[in-house]
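Dear colleague,

I am passing on the structure below, together with some notes on its helices, its aromatic rings and a few individual residues. Please read the notes with the structure open beside them.

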Amino acid sequence: MARFVGRTNVLELIDLLTDTPAQRSVPRPRPVLVLEGCGGSGRTALLLETLATWNDHAHVLRVRPRTETVGSSPIRPMLAAVMLGLERGIPGYPIKCHRSLIAQIAISQDYRETEDKTAAADLRDRLDSYRRDRGSLRAFSNTLIATSLKYVVLQLPGGLGTVVPESFFTQIADRTTEQLWRLRVFGRRWQEAQDWFGNPGVGRPTDPYVSLVDLSNESRSDDAAARHTVDDVLMKALRADLAESAERAGALLPNVLILVDDGDAPEAAAFTASLLRARRAPVFPGGTREDPLTVVTTSSGILADSLAELVPPPGLWLESRRPDRIFDVTEPWLRVRLEPLRRSDIHAMVEHIDLYQAEKIADTLQRLTHGHAAAVAAMVERIQENPSLRDDIEKLLSGPAPEPSNTLEDHVLNVFVRGLSDRRRPSESTTKALITLSACRNLDDAQALIGAADILPQDCRPGSPLFTSPTLWIEDEQGDRRMHPLARYLGLRALRRRGGKYPGWTTVFECLHAATGDDDLIDGLHADRTDGDSRLDLLGARLHHQRLLGDEAGVVSALAALLPRIPSKDWLTLFDAIAGTPGPKQLDPPRKPENGTTTGHDGTEPAHFPDSMRAHLTDLLDAVPAFHLDPRITDAAVRGALCLRAENSYQHLSNHATDRAVLLLRANEYRIHAARLL
């Protein structure tokens with residue numbers, strides 16, 4: 001397994017939010033961190049690294065929802081699991097969640113048909129019986145464990161594995177019950193915890209038991225606002241338990257660190273929203289004490305929008321920002337968009353395979369994956385098993401995946417799809433839709449396909465993460481949202497192979513081409529045009545689709561007609577739009593003709609340089625996508641030869657341009673590329 005690399009700024013940021021403050025008087029920054037990234041971006045790996053880092057140094061746990069749905073009260077199993085996980089304790093810093101346990105006992109009783117005073121008296125007696133009968137308290141804790149672990153996966157540091165077994169927490173509950181009974185002050189603290197529910201902002205200020213009965217009744221309400229209030233009371237109870245435990249420990253201590261994975265799931269989102277709402281007030285009414293809690297959660301980018309009506313919008317924290325600037329933050333929560341792995345990170349992952357070829361391998365994987373963490377890790381593992389794959393990307397992609405009966409490229413594509421599900425459950429329809437949408441240049445193209453007949457699955461809806469995820473559709477410098485380049489490349493490869501009931505390459509691109517209309521766009525373009533960029537953009541889309549449908553001659557004719565007529569900067573913008581998507585040559589496996597030799601780009605095509613405008617345009621449409629968009633070309637000499645072809649053609653075409661210098665500057669860019677490679 002590839003070792004964890006990179007993310008040093010994010011790890012340091014979490015450390016600053018968790019670590020012991022230098023002085024008690026220094027306020028501890030406490031914003032909730034939301035790690036945003038597409039499927040496979042490394043969010044979970046970062047949480048696991050954090051879990052290992054803080055092992056035995058702080059109360060830390062990782063929690064994520066299971067695939068089973070909870071219903072109308074998604075937060076409660078999460079809170080119960082957190083409460084039970086924190087009971088594990090670390091030396092010198094025990095945590096006792098009396099209020100949280102009392103609230104769970106109250107909710108377990110149904111008093112809807114009972115008069116308030118009678119119900120309050122019954123609950124008071126029941127809580128007193130739990131104080132006197134350790135067996136009853138142990139039995140309730142064990143039932144709570146079984147219920148919460150049905151919906152939640154809990155991981156603690158220290159080699160306990162991904163899923164902590166129920167028996168482990170049963171042992172914790174038994175040990176905790178015994179420890180409570182040995183405390184001479186247990187009865188007093190148990191009573192103080194009950195009295196807390198009579199505080200303003202928690203329940204009725206006159207009678208804590210009536211407040212607890214209200215909590216029980218409202219927990220069964222059909223009203224969403226009432227259920228949110230119940231969740232907030234449970235969260236307030238947890239915050240008070242943690243603050244009191246930290247105060248009784250006496251020393252300056254690290255924060256309790258809760259790592260919430262799959263943060264878009266309803267249970268996890270409810271946990272985050274409830275904490276943010278509860279933090280609007282101090283832990284204890286009228287006081288200034290804050291909870292000693294650091295929460296880090298994950299998202300595909302949709303969590304902030306899903307909570308928009310419940311909590312204020314989050315701030316934005318760039319991964320490249322200095323971590324110590326967190327002390328300047330006032331927002332209660334922050335979106336942290338995870339950046340791709342850098343080439344230096346990938347180099348560190350592969351240098352153990354071949355120190356002298358590490359730079360080349362890192363460059364190849366960077367161009368192929370664009371720093372996608374899960375893809376890099378899977379490919380490094382395969383190259384380590386078979387080093388020859390570093391120069392045979394086609395074989396690497398089409399070879400076996402970590403799971404059986406799958407290719408590596410399908411595995412990585414499924415990682416993207418799983419990231420669009422709040423419970424990592426990829427569906428066939430989402431996978432097929434993603435493959436279809438890979439044909440789209442941008443999100444506007446993708447949304448235009450929604451109404452097209454028989455192009456997308458019927459359950460593919462406009463508001464789904466497939467269309468709304470900002471980590472799948474990444475905003476570029478021009479404000480366009482484009483699909484993650486690795487997801488698009490693998491999706492296009494799958495579209496080329498597709499057959500059966502789903503639309504194939506030709507059908508999809510014909511649909512996109514038809515959406516551009518049939519107006520004559522070329523005649524309206526000229527050097528002094530005043531109609532803005534809309535006509536040029538539409539023409540770029542149309543010619544882009546024509547190229548991928550195989551009408552290269554028509555594309556060349558249009559480019560040749562416009563080169564001497566429109567501003568050269570506009571012409572280059574048009575060319576880049578046309579050539580910006582991998583075509584069949586950059587996607588299909590190399591073909592083997594009858595003589596047994598493999599055909600494909602070797603960088604020396606054509607045998608001689610072209611000598612006409614149309615020939616140079618044809619060569620550009622071949623060499624430029626091959627250099628920029630075909631990661632299977634790993635040989636530096638071949639890539640350098642492609643650059644020389646592009647340089648030569650741009651130089652020749654500059655003689656026909658309205659502004660020769662613009663094309664000569666582009667030619668010089670390729671000359672520099674070639675010099676670096678050759």
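Helix H27 and helix H29 are oblique to each other, a term for axis angles that fall outside the other classes, where under 35 degrees counts as roughly parallel, over 145 as roughly antiparallel and 65 to 115 as roughly perpendicular. The axes of H27 and H29 (residues 660–677) cross at roughly 55° and come within 13 Å, where an axis is a line fitted to C-alpha atoms, for helices over the stretch in contact, and angles run from 0 to 180 degrees between N-to-C directions. Their crossing is left-handed, which is the term used if the near helix is turned anticlockwise from the far one by less than a right angle, with right-handed used if clockwise. The helices and strands named here are DSSP runs, numbered from the N terminus, with at least four residues for a helix (H or I) and at least two for a strand (E).

Before going further, please note that this is a predicted model, in which local features need pLDDT of at least 70 and side-chain atom pairs count only at pLDDT 80 or more, whereas totals for chains, interfaces and linings use all residues. Residues are numbered from 1 along each chain as its sequence is written, and side-chain values use heavy atoms, with hydrogens and water left out.

H27 itself runs over residues 613–629, and its end C-alpha atoms are 24 Å apart, in agreement with the 24 Å that its 17 residues should span at 1.5 Å a residue; the expected span is 1.5 Å times one less than the number of residues. Of the 17 residues in H27, 13 are buried, so that the helix is mostly covered, where buried means under 20% relative accessible area, exposed over 50% and partly exposed in between (1.4 Å probe, protein chains only).

A second helix pair is formed by H14 (residues 358–369) and H15 (residues 373–385), whose axes come within 10 Å and cross at roughly 140°. That angle makes H14 oblique to H15, and the crossing is right-handed.

Turning to the aromatic rings, the model has seven aromatic pairs, counted where the ring centres of Phe, Tyr and Trp (its six-membered ring) lie within 6.5 Å, with planes under 30 degrees apart taken as stacked, over 60 as edge-to-face and the rest as tilted. In one of them, the rings of tryptophan 196 and phenylalanine 197 have centres 4.9 Å apart and planes at 85°, so the pair is edge-to-face. Tryptophan 196 is buried at a relative accessible area of 3%, and phenylalanine 197 is likewise buried, at 2%. The rings of tryptophan 505 and phenylalanine 509, by contrast, form a tilted pair, with centres 4.7 Å apart and planes at 50°. Both residues lie in helix H22 (residues 505–514), four residues apart, about one turn of the helix, and both are buried. Ring pairs also link Trp571, Phe575, Phe627, Tyr650 and Tyr670 into a cluster.

Two arginines sit over rings, by the rule that NZ of Lys or CZ of Arg is within 6 Å of the ring centre and within 35 degrees of the ring normal. The charged end of arginine 496 is over the ring of tryptophan 505, 4.8 Å from its centre, while arginine 124 lies over the face of tyrosine 209, at 5.4 Å from the ring centre.

Which backbone angles deserve a look? Arginine 7, although not a glycine, has a positive phi of about 60°; this arginine is found in the segment before helix H1 (8–18) and is buried at 7% relative accessibility. Aspartate 262 also has a positive phi, near 50°, and lies in the loop between strand E4 (256–260) and helix H11 (266–278), where aspartate 262 is buried with a relative accessible area of 9%.

Finally, there are two contacts between residues far along the sequence. Histidine 545, in helix H23 (residues 534–548), is buried at a relative accessible area of 1%, and its C-alpha atom is 7.0 Å from that of leucine 512, 33 residues apart in sequence. Alanine 577, in helix H25 (residues 568–578), is partly exposed at 27% relative accessibility, and alanine 577 and leucine 539 are 9.4 Å apart, C-alpha to C-alpha, with their positions 38 residues apart in sequence.

With best regards
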